[in-house]
Amino acid sequence: MHQFLIGLTACALLLPGRSWGQPSAAPADHQRELLAEAEAAERDAVPMRAASLYRSARDAAPTSRLARRASSRIAWLEARSDGDYGPLAELMEIQRGEITAARMEAFAARLETFPAGKVRRESRAQVASAWLRQLDQPTKALVAFEAWLAEPDLEIAERNIAVSGAVQARKRLGDAHGGLELLRREGFTAEPEMYHLRAAALGEVARPASWLAIVLALAFGLGAGGWRGLSPAGVRLALSPARVVAAAYAVLPPAVIATAYDFTLYPSAPVLAGVCTVALAFAAFAGAGLRLSGASSRVRLIAAAGTSLGALSAGYLVADRYALVEALFWWRGI
Amino acid sequence: MKTLPALGLGAITLLAACQQTGAIRDDQELPSIEGKQIRYTPEGCDYDVTTPEVEHALAGGTGVGPEPFVDHVHASWAGPSHSTFAVNWRTDNLTLGTQLLYGTDRAAVEAAEEEGGSVRLQRGHTMRYASFIDLGSVDREDAEAMARVGTRVHEAHVCGLDPSTTYYYKVGNPGHWSQVYDVSTGPAPGTKEPFRFAVSGDSRNRVNIWAAVQKAILDAGADFQIHSGDAVNIGPIQEQWDQFFEATSGGVAAQDVLARVPFMMANGNHDILAINYLAQFAFPQEESEGESSEGMEWYHLDYGNARLLFLNDTTANDTIITRYQRNWLRENLRSLDREKTPWVFVVHHKPTYSCGSTHGSDTSLRAAWQPVFDEFKVDVVFNGHVHNYERSRPIRGFQEGSNAGVVAASGERGVPVLVDGEPSGTVYVVSAGAGAPLYGSGTDCYHTQVGESVEHYAIVDIEDRTLWFRAYRLNGSIIDEFTITK
């Protein structure tokens, strides 16, 4: 009998149960308190104290879920412990305080004394981002982003973000070509931003040229006698059934098919169709008016060419407005 | 002589009692199930797993290929967060064995080649899948080529765990294991224990930004993370998923974070429920009326005292949004005990409140779902799609005769205030800055409190009935923060 009892007792003692390391209530509460204190120390920009508290929190219940959080913070803080956490403390102060131009100027000067490394790079990122996003000073932001890019040992993600920020700064300064040059210099030629900037750089020339072409087409077409197209005879000539059907066929099916194929082409495809319809109508009425005016074939040819160019220009402006130009560049890898 | 029977009885009792407690386990024998789509119950779990329809699926397989490798290890939940976790990983196409060793002693797991001592074994299933893009380049008549096409992934589900406990695990097969990772189970349901989750979305094509976001999430010590959709640019292109997992920042690959910080996401219009998405992730499969994708199209996760509902707003037809998901949402929230689970979050891709320069607000989605959010007082809705950061003022109800939301009473920083003990409105957060090209943001919409066009992620801390939210730029500075206390 007593062997039986020994067996049962042995089993009870061997019972691992289902608890594989769950901390008991008291250490868990203590751990939570330590963690809360550590997080408060981080908020107060006292990283050395925060690291010490996180270590204590981790050690209070090492296999717990919250120990993992403590371990992550310890690793993060220790990777930034250059200068005995001094530079990190300064960076944390800046990050958590009010962003003003004076504070950024002062901090930008201070960070030049930081040792090279993570904290100095992150400090440059802070300054550059503040100038661009919160203080809206793209010129200063550009200088700061360039200084960040010049840091040694920059990781690819940091470089990408710095370049992205610098390009945004250039865009705000209206310098699409500068942005393109920067992307090329840093080797980010496959970035979506590249296609956007190419479209923007093209637009700097193409937009005013398009408006000019439209105005000239309107002026020439109407001035050469096209206005007669609005007379009853002109309307009958312009709106012949054959012309209307041809125009509808040229405009409507592509818009419908494009939108059905890709819903993201709404509303750009219907708007493009609408603009083309207006251009075709103008061409029809102007042509009818020129015929009624007895314009020479040379004048009518020039008017036709001008109207075509005007229509293409109007189409370009719509495509540019709805980012179809950059989409085309991306699609064709231009 | 009398001693022997007593000893024998004692031994039998000892064995039986210890088996009941789990100290000794029968050798696992996962019956071999094979086909283009399989369904089985993982050992020790009380839920079924159904694979999507793939080129080949096999549970209980064994063996490794001639050139085995293991990568793309990542964790998630398909069952209760406090007692399970699921792991997916990729291997070469010829490796059929799917094993996961786990325990609470890191050194023991590292040393183990098989189950024993404190280290346990869980077997799972493997799938070889190929998207229509993969298949497009293969001669369908070539059986050998068809047998090799695509990607092979593995999935294992571990159940019966303790809450709030860190487990170490590795995946693969004897002699060919991944490195050891750690993952934690969530707190017991309804607990007041603090927990932290990270929020991001629209990682898409700038993978080094995505890697930096993952590194930041790891550094923040998040317990788990949510993603509001558009993980990649084109869902059926496997190469993009490879980049999603393999992107590296600061010496840390995204997959190394995803293996430690469970990842839960909503489908986006770029993921499009592609086979690559469905086969590579394990989420709860609660198949409901009108739902596709073996129940992974929409689902919920309980963590601590919060419920997160993941919806799909990229659907083949509107009925899936206006009827099926709406009904599911209503029934799900109606049955929820808000005393035990005071926090409710919804995650879906397209924002219903956005001041962004591209896409903007999806008002038809707003009309379909906001009434349910209002009725059940959802706390925060997380969205993506508009590539920037934006937080709304608290919204409750509609302006008369329109589908414009009503800005509810708000306190400092435009956060909800308590009205009759409940937050005055739902906060809508767009977090879509984890890698996709940024869109312009705006703050001059009536519903917008904060907006910025910047790469970012967010951290949500919950302790009992208090929530702290902080959105961070990747340089560590804070874009936005607020607190809600119930």
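How many bridges join strand S14 (residues 195-200) of chain B to S30(B)? Keep the question in mind while setting up the view; the model is a predicted one.

**Stop 1: strand S30 of chain B.** Select residues 456-463 of chain B, which make up S30(B). Seven of its eight residues are buried, so the rest of the structure largely encloses this strand.

**Stop 2: strand S14 of chain B.** Add residues 195-200 of chain B to the selection. Five bridges join S14(B) to S30(B), and the two strands run antiparallel. To see one pair, label B:Val199 and B:Ala458: B:Val199 stands opposite B:Ala458, which belongs to S30(B).

**Stop 3: strand S31 of chain B.** Now select residues 466-473 of chain B. S31(B) is joined to S30(B) by eight bridges, again in an antiparallel arrangement. Label B:Val460 and find its bridge partner in S31(B), B:Phe469. S30(B) and S31(B) form a hairpin, with two residues between them. In the turn, click on B:Asp464, whose phi is positive, at about 55 degrees.

**Stop 4: helix H8 of chain A.** Move to chain A and select residues 138-149. At 1.5 Å a residue, the twelve residues of H8(A) should span 16 Å, which agrees with the 16 Å between its end C-alpha atoms.

Next, colour the buried residues of H8(A): A:Pro138, A:Ala141, A:Leu142, A:Ala144, A:Phe145, A:Trp148 and A:Leu149. They cover an arc of only 170 degrees around the axis, so they lie on the same side of H8(A). On the other side, A:Thr139 and A:Val143 are exposed.

**Stop 5: the neighbours of H8.** Show helices H7 (118-134), H9 (156-172) and H10 (176-186) of chain A; the buried residues of H8(A) pack against these helices.

Terms used
Residues are numbered from 1 along each chain as its sequence is written. Chains are lettered from A and ligands numbered from 1 in the order in which they are written. This is a predicted model: local features need pLDDT of at least 70, side-chain atom pairs count only at pLDDT 80 or more; totals for chains, interfaces and linings use all residues. Side-chain values use heavy atoms; hydrogens and water are left out. Buried means under 20% relative accessible area, exposed over 50%, partly exposed in between (1.4 Å probe, protein chains only). Helices (H or I, at least four residues) and strands (E, at least two) are DSSP runs, numbered from the N terminus. Two strands pair if DSSP finds at least two bridges between them. The expected span of a helix is 1.5 Å times one less than its number of residues. The arc is that of the directions from the helix axis to the C-beta atoms. Contact means heavy atoms within 4.5 Å.
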